[in-house]
Each structure stands twice: as C-alpha cells, then as structure tokens.
Amino acid sequence: MAEELTISGGSKEEKYRELLPQVKAVVEGETDGIANMANVASMLHETFGFLWTGFYRVKDGELVLGPYQGPLACTRIKKGKGVCGTAWERGETVVVPDVDAFPGHIACSSLSRSEIVVPVWQDGEVVAVLDIDSKDLGTFDEVDKQYLEEIVKLF
Ligand code: SME
C-alpha cells in the first residue's frame, strides 16, 4: 500500500486523476469498510483542503456519523433530512452550490457554504453517504460528482 499521498496536479481534474489509483491501492485488499472510509476521507481532505470530508453510514434506519476529517459534526440524520438524508432517499448524488438555498440543509458548521453528497452502494442498497463541505460557494460540479462516484465504487 502507498504510505504517502502524492498529488502534484494543478487542476481539480488532474488532482482527481492522480488520486484515483492511490485510493485504489489503499482500499483494495482491505475488507473493513470503516478503515477504508477513514483513509478515503483523509486522502480527499488532504488533497483538496475541504472544510469537512466524511461518511455517514446507514444504521438502524438512520444515517450515523462515520469516519471524517474536519470540525465536529451532527451524529444522526434521518432519511430525507438535510442534504445527506436527501441523497440517501433519492439514491443519487446531490450537489448544492449554496447551502442557504437548499431547504432543510443541516448546518453542522456555520462556515459551510457549498456541499456534495454521494451515495455509497453495496448489493443494490445505499449503505453510506460521502459528504463533503466547502467554505466557498459553488465548489462542487460535474467533475467532482463523476470522480467521487468513481472513488466510492472502489470499496
Ligand atoms: N450538511 C449536512 C449535514 C452533515 S454536515 O455537513 C457534516 C446535511 O445537510 O445533510
């Protein structure tokens, strides 16, 4: 396994392209989902300097906080609530360019301005979501959606 993350690319797309094989190398062969979520959260957070990067796992009919990097976060989110619960309910990635314009957004940090939530699938069910928050407006677009969906397929 690669012991150190090496990202030299300038553009967002270049960074994701360099990151993908490194995520693959780290998670392949490791069957523990929590360990993999912890490393993926770290790698994304370090590469892009997001405000908050982490996972919520589906447990007992709710989303429960999993491995993350960044400020303290809320522990449980119900289906259909907030951006995370919406992505889970819809079973699709939700990109929010301005969190203040998203009805029901759950503000874990007052610094968060934009957000993306990507469902993690296993055996035809959403088992977790990857949630990323940015301090800036409009951080996430189709490029993030495409690469983050590829990343969560790796484990
Ligand atoms: N903003 C999220 C809640 C989780 S925190 O951002 C870490 C939401 O609306 O679901």
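This is a short walk through a predicted model, stop by stop, with something to select at each one.

**Stop 1: the ligand**

Start by selecting the ligand and showing what surrounds it. There are 13 residues around the ligand, and those that come nearest are Val83, Cys84, Ile106, Cys108 and Glu115. Put labels on those five, as some of them come back later.

Now turn on distances for the polar contacts. Which atom of the ligand does the backbone of Ile106 meet? Pick a nitrogen atom of the ligand: a backbone N or O atom of Ile106 sits 2.7 Å away from that nitrogen. Next, go to Val83, where a backbone N or O atom is 2.9 Å from an oxygen atom of the ligand. For a side-chain contact, select Asp131: an N or O atom in its side chain is 3.3 Å from an oxygen atom of the ligand. How much of the ligand does the protein bury? On its own the ligand exposes 310 Å², and the protein buries 99% of that.

**Stop 2: the cavity**

Hide the ligand and run a cavity search on the protein atoms. How many cavities of 30 Å³ or more are there? The count comes to one, and its volume is about 150 Å³. The lining is made of 17 residues, and the closest to the centre are Ile106, Cys108, Glu115, Asp131 and Asp133. Compare that with your earlier labels: Ile106, Cys108 and Glu115 are also among the residues that come nearest to the ligand.

Colour by secondary structure next. Strand 1, helix 3 (82–90) and strand 6 are the elements that each give two or more residues to this lining. Helix 3 has the largest share, with three residues. If you recolour by residue class, you get eleven nonpolar, three polar and three charged residues.

**Stop 3: strands 1 and 6**

Stay with two of those elements and pick Thr53, which is in strand 1. Is Thr53 buried or exposed? Thr53 is buried, with a relative accessible area of 0%. Draw a line from its C-alpha to that of Ile132: the two residues are 79 apart along the chain, yet 4.5 Å separates these atoms.

Then slide along to Ser134, in strand 6. Ser134 has a relative accessibility of 5%, so it counts as buried, the cut-off being under 20%. A polar atom of the Ser134 side chain is 2.9 Å from the backbone nitrogen of Asp136.

**Stop 4: the pocket**

Bring up the largest pocket, which holds about 200 Å³ of space. To see its walls, select Glu30, Thr31, Gly33, Ile34, Asn36, Met37, Arg57, Val120, Trp121, Gln122, Val127 and Phe155. Helix 2 (33–48) and strand 5 (114–122) are the elements that give two or more residues to this lining. Which of the elements gives the largest share? That is helix 2, with four residues. By class, the pocket lining has six nonpolar, four polar and two charged residues.

While you are here, click on Met37 in helix 2. Met37 lines the pocket, and at 7% relative accessibility it counts as buried. From Met37 to Leu63, the C-alpha distance is 15 Å, with their positions 26 residues apart in sequence.

**Stop 5: two aspartates with positive phi**

Open a Ramachandran plot and look for non-glycine residues with positive phi. Asp60 is one of them, with a phi of about 50°. Asp60 belongs to the loop between strand 1 (52–59) and strand 2 (62–69), and is exposed, with a relative accessible area of 70%.

Now select Asp123, in the loop between strand 5 and strand 6 (125–134). Its phi is positive too, about 50°, and Asp123 is not a glycine either. Is Asp123 buried or exposed? With a relative accessible area of 75%, Asp123 is exposed.

**Last stop: helix 4**

Finish on Gln146, which you will find in helix 4 (residues 142–153). Gln146 counts as partly exposed, at 40% relative accessibility. For a long line across the view, measure from its C-alpha to that of Lys78: Gln146 and Lys78 are 26 Å apart in space and 68 residues apart in sequence.

Notes: Residues numbered from 1 in each chain as written. Predicted model: local features only at pLDDT ≥ 70, side-chain atom pairs only at ≥ 80, totals over all residues. Heavy atoms only, no water. 1 Å grid on protein atoms, 1.4 Å probe; cavity = no way out; pocket = protein on both sides within 12 Å on 5 of 7 lines; lining within 4 Å. Points joined across faces, edges and corners; volume = space filled by probe spheres on them. Nonpolar A, V, L, I, M, F, W, Y, C, P; charged D, E, K, R; others polar. Buried < 20%, exposed > 50% of the residue type's maximum accessible area, 1.4 Å probe, protein only. Near = heavy atom within 4 Å. Polar contact = N/O pair within 3.5 Å; in protein donor to acceptor, adjacent residues only side chain to side chain. Areas by Shrake-Rupley, 256 points an atom, 1.4 Å probe, with all protein chains shown as cover.
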